[in-house]
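Thank you for making time this morning. I would like to walk you through a structure that is new to most of this group, taking it slowly and one region after another.

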Amino acid sequence: MRDQRTAEIVQTRRENETSHNEEAPSTFLSIVIPTYNESENIIRLISEITNWVPQDIRTEILIVDDNSPDGTGSLASEYALENDFDIALNNSGALTIRVIHRSIRDGLMCAVLDGIKASMGKNILVMDADFSHPPQLIPRIISELKNESNCVVIGSRYAKGGTTVGVPLKRLLISFGATEIARYGLKVKEVRDPMSGFFALPRHILKDIEFSTQGFKILLEILVKKQSYVTVKEIPYTFTDRKYGNSKLDLKVSIDFMKAVWSLYKYGRRSLRRPENEENRKSVLFLSKAARFFTVGASGLIVNFLVSYLLSNGTLGSLWYIQATAIGIAISITTNFVLNKIWTFEDKDFSAVHSLKQYGLFLLFSSLGITIQLTLVYVLVESGLSYNLSLISAVAAASISNFMLNKKWTFGEKVWG
Ligand SMILES: Nc1nc2c(ncn2[C@@H]2O[C@H](COP(=O)(O)OP(=O)(O)O)[C@@H](O)[C@H]2O)c(=O)[nH]1
Ligand SMILES: [Mg+2]
């Protein structure tokens, strides 16, 4: 299946190369745009981009479409053929459009990676097709790319001056929670928006990175895996929720995030076996433990959610949601403690006094989280959000502070390392 799909991409590329070959060697920027059912957006977006790309910048636009049922792929191909984008915009600049038609829907991350593989530019810009990422930012991004050779340029919702408009509360909370977990858990805290899908970088930064196509956000992987090598420039912008079409990521978002934490954890373990220097070793250790802690947290989230849900919906009981949540919290704290002791912090001292003291501290720090969690659940449910989503958001917020406190006090480790 996969080979068949790859073959189709290559074939599409070759067809296009026949007509665009002469432009390829000096392309400055490849703009990779994944699409799935974006027929209402894609043509307007391409023409907006052509308006905003400076005329002296040789650019290719690469649409990566997963056989959209609404015909986005063929619309884009027809548009590219009808509008002769091989005509130089002026003496030195030119714009080409290529469409990669993938026969099956194989996920956003994989679509972007296929686009990057097929691209030819010295620099790569990744953006969505739904106008959440404003093309007006492209000139700024280009000038930052020109300024520095190792710079990852991020369109940032959370840097000072950036914001989001029209995004439903539940998505904002999930996005914010995931961003904070990534920033603090995976040691990219100096980056305000490491989960952005709007970013650009010189191609050479991607050398040697083995992406996990099970991953969640390409930018996050780049930042974690190349953090000592790159500088980061965040450009604030206003993220506007799409006007046309539907989001495809609502349901998958939490599952994908857990997968990402898991694969970054595995990366941390592998790197640990070949530490190059002390600082690197410390950061890998920290990264690895944080990833484990949050994986345990994610398992606790499932335990917490299931217990609370089953106790409130009549399956195991019909408790008031606050009571159900409290029991869910108590059980998940205990499973979290055991897993963190054995797996995250690899503590081999199982003597009763030591373990009980640790459990006491773990409870103490968790009670801080409980306060945050209960308050948040209450505020969110009472403000009209569904109980399930309120619960997920509150659990995520509470687990962040726990990592640092437990690392230092419960398990007696230095915070860093
Ligand atoms: N090729 C491809 N593109 C996708 C897929 N899922 C989402 N996209 C595109 O990825 C971008 C972001 O998706 P969107 O649904 O807007 O996610 P949201 O902004 O998080 O709600 C859009 O341009 C989508 O068309 C997919 O499975 N394959
Ligand atoms: Mg979107």
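I will speak about charged pairs, then about a helix and its surroundings, and finally about two residues with unusual backbone angles.

Before anything else, please keep in mind that what you see is a predicted model, and that every value I mention has been computed from it.

Let me begin with the charged pairs. As general background, side chains that carry opposite charges can pair when their charged atoms come close. Searching the whole structure in this way gives 13 salt bridges, and I will pick out some of them.

One of these joins the side chains of R157 and D193, with a distance of 2.8 Å from N to O. What makes the pair worth locating on the chain is that it links distant parts: R157 sits in the loop between β5 (151–156) and β6 (163–165), while D193 sits in the loop between α6 (169–185) and β7 (199–202), and the two are 36 residues apart. Are these two partners buried or exposed? The cut-off for buried is under 20% relative accessible area, so R157, at 12% relative accessibility, counts as buried, and D193, at 0%, counts as buried too.

A second salt bridge is formed by the side chains of E413 and K289, at 2.7 Å from N to O. Because E413 lies in the segment after α12 (387–410) and K289 lies in helix α9 (residues 278–312), this pair ties together parts that are 124 residues apart in sequence. E413 has a relative accessible area of 18% and is therefore buried, and K289, with 12%, is buried as well. E413 also forms a salt bridge with K407, where the closest N and O atoms are 3.0 Å apart, and both E413 and K407 are buried. Elsewhere, D66, R102, D114 and K117 are joined into one network by salt bridges that share partners.

Let us turn now to helix α3, which covers residues 72–82 and in which T72, G73, A76, Y79 and A80 are buried. Why can we speak of these as lying on the same side of α3? They do so because they cover an arc of only 135° around the axis. The face of α3 turned away from that buried side carries the exposed residues L81 and E82. As for what the buried residues of α3 pack against, the neighbours are β1 (29–35), α2 (42–52), β2 (59–65) and β3 (95–101).

The packing of α2 with α3 can be described further, since the two helices pack at an angle of about 40°, with their axes 10 Å apart. That angle makes α2 oblique to α3, and the crossing of the two is right-handed. On the α2 side the contact is made by I42, I43, I46 and S47, and on the α3 side by T72, L75, A76 and Y79.

Finally, the backbone. N37, although it is not a glycine, has a positive phi of about 55°; this residue is found in the loop between β1 and α2, and with 26% relative accessibility N37 counts as partly exposed. D208 is likewise not a glycine, yet has a positive phi of about 75°. D208 lies in the loop between β7 and α7 (218–225), and at 69% relative accessibility D208 counts as exposed.

That is where I will stop, and I am happy to go back to any of these regions.

Note on methods:
Residues are numbered from 1 along each chain as its sequence is written. Chains are lettered from A and ligands numbered from 1 in the order in which they are written. This is a predicted model: local features need pLDDT of at least 70, side-chain atom pairs count only at pLDDT 80 or more; totals for chains, interfaces and linings use all residues. Side-chain values use heavy atoms; hydrogens and water are left out. A salt bridge is a side-chain nitrogen of Lys or Arg within 4 Å of a carboxyl oxygen of Asp or Glu. Helices (H or I, at least four residues) and strands (E, at least two) are DSSP runs, numbered from the N terminus. Buried means under 20% relative accessible area, exposed over 50%, partly exposed in between (1.4 Å probe, protein chains only). The arc is that of the directions from the helix axis to the C-beta atoms. Contact means heavy atoms within 4.5 Å. Axes are lines fitted to C-alpha atoms, for helices over the stretch in contact, and angles run from 0 to 180 degrees between N-to-C directions. Angles under 35 degrees count as roughly parallel, over 145 as roughly antiparallel, 65 to 115 as roughly perpendicular and the rest as oblique. A crossing is left-handed if the near helix is turned anticlockwise from the far one by less than a right angle, and right-handed if clockwise.
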